[in-house]
Amino acid sequence: MASETAIGEANCLGWAARDPSGFLSPYKLDRRHEIAGIVHDVKRFKIGDHVAVRTYVNSCQRYTYKIPDNYPLELAAPLLCAGIIVYAPMKRHNMNQPDEFVLSLDEQQMKALANSLDFIIDTASRDHPFDLYLNLLKVAGVCALVGDPNEVKFRPISLLIGMRTMAGSETDGTKETQQMLDFCAAKGVYPKVEVILIDYVNEALERLIKRDVKYRFVIDVENSLKV
């Protein structure tokens, strides 16, 4: 998504209706999220290569990644956000052997799994209790926080007993990000998305507000321009 900024301070030019009249006028904006596309004129890649750019504003070729040719473009861009956010702590903490999956709303399941998990990846961005989850970890277990709640509260004893670790992770380096893309292509790992045309953006935003969304929205710019 993008946000409107003052003319002269942003890096993209767009047209939009600013009021219910529907009259279109130009405005400048900062590109905020991930983009996947095909190279037409660039030095580091070949013309025709599939590439993606991460969330960095004013991204240059340094933050552009090669998408394997067999990987769908509409599925590649989300990997540069949620994909690398989850992949990074998994690799950093050697989370390569999933132990168990538990429904945290099920009190009996939670009690049965106390002191049994090696790792937890906490993706929740709403405030929630942490002691409940930390108590699931084995000795020296790791809870990697990748969500963004307003605050993190837990009793120190939840870490002290069992020498547990609370870690954080948001992204990773360029080398690891390319490794993640190659891994997903090689292993057939695909995110679930909802592809929309750009004229559906307002409805998509309304659905976000109403929490009527299961998967990430991906805007198909190429086909939007053909309509």
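In this predicted model, R207 and D212 are joined by a salt bridge whose closest N and O atoms lie 3.5 Å apart. The two partners differ in their surroundings: R207 counts as buried because its relative accessibility is 16%, under the 20% limit, whereas D212, at 45% relative accessibility, counts as partly exposed. The pair does not stand alone, since E194, R207 and D212 are linked in a network of salt bridges.

**Other salt bridges**

A search of the whole structure finds 9 salt bridges, and three of them, including the one described above, are set out in the table with the relative accessibility of each partner.

| Salt bridge | Closest N and O atoms | Relative accessibility of each residue |
|---|---|---|
| K46 and D49 | 3.6 Å | K46 57%, D49 8% |
| K66 and D69 | 3.3 Å | K66 24%, D69 57% |
| R207 and D212 | 3.5 Å | R207 16%, D212 45% |

In the bridge between D49 and K46, the acidic partner D49 counts as buried at 8% relative accessibility, while the basic partner K46 counts as exposed at 57%. In the bridge between K66 and D69, K66 is partly exposed with a relative accessible area of 24%, and D69 is exposed with a relative accessible area of 57%.

**The chain as a whole**

The protein chain has 8 helices and 11 strands, and buried residues make up 34% of its 227 residues. Among the contacts in the chain with a separation of 6 or more, 44% are accounted for by residues 24 or more positions apart. The chain exposes about 14,800 Å², of which carbon and sulfur atoms supply 56%.

**Nonpolar cores**

In soluble globular proteins, nonpolar side chains tend to be buried together. The largest nonpolar core of this model has 16 residues, and those with the most contacts inside it are I67, Y71, L79, L80, M180, L181 and C184. Three elements give two or more residues to this core, namely α1 (73–76), α2 (82–92) and α6 (174–187), and of these α6 gives the most, with 4 residues. Apart from this core lies another, of 10 residues, among them M110, L113, I120 and L159.

The surroundings of L80, one of the residues with the most contacts inside the largest core, can be followed in more detail. When residues up to four places away in sequence are not counted, L80 touches E34, A52, V53, R54, Y65, T177, M180 and L181, and of these M180 and L181 are themselves listed with L80 among the residues with the most contacts inside the core.

Helix α2, another contributor to this core, has G83, I84, I85, Y87, A88 and P89 buried. What covers the buried residues of α2 includes β8 and α6. Just after α2, N94 takes a positive phi of about 55°.

**Strand pairing around β8**

Strand β8 (residues 137–145) pairs with strand β7 (residues 117–122) in the parallel sense over 5 bridges, with F119 standing opposite V142 in β8. Strand β8 is also joined by 4 bridges to strand β9 (residues 165–168), and these two strands likewise run parallel; here A144 stands opposite A167 in β9. Strand β8 therefore has a pairing partner in β7 and another in β9, besides being included in what covers the buried residues of α2.

**A nonpolar surface patch and helices α7 and α8**

Not every nonpolar residue is buried: I198, I219, V221 and L225 form a nonpolar patch on the surface, with about 380 Å² of accessible area together. Its member L225 is found in helix α8 (residues 221–226) and counts as exposed because its relative accessibility is 72%, over the 50% limit.

Helix α7 (residues 201–209) holds V201, which counts as buried at 16% relative accessibility. The C-alpha atom of V201 is separated by 8.1 Å from that of I219, 18 residues apart along the chain, and I219 belongs to the surface patch.

Note on methods. Residues are numbered from 1 along each chain as its sequence is written. This is a predicted model: local features need pLDDT of at least 70, side-chain atom pairs count only at pLDDT 80 or more; totals for chains, interfaces and linings use all residues. Side-chain values use heavy atoms; hydrogens and water are left out. A nonpolar core is a set of buried Ala, Val, Leu, Ile, Met, Phe, Trp, Tyr and Cys residues joined through side-chain atoms within 4.5 Å. Buried means under 20% relative accessible area, exposed over 50%, partly exposed in between (1.4 Å probe, protein chains only). Contact means heavy atoms within 4.5 Å. Patches are made of residues with over 30% relative accessible area and no salt bridge: like charges are joined within 9 Å, nonpolar side chains (Val, Leu, Ile, Met, Phe, Trp, Tyr) within 5 Å. Accessible areas come from the Shrake-Rupley method with a 1.4 Å probe; for residues, only the protein chains shown count as cover. A salt bridge is a side-chain nitrogen of Lys or Arg within 4 Å of a carboxyl oxygen of Asp or Glu. Two strands pair if DSSP finds at least two bridges between them.
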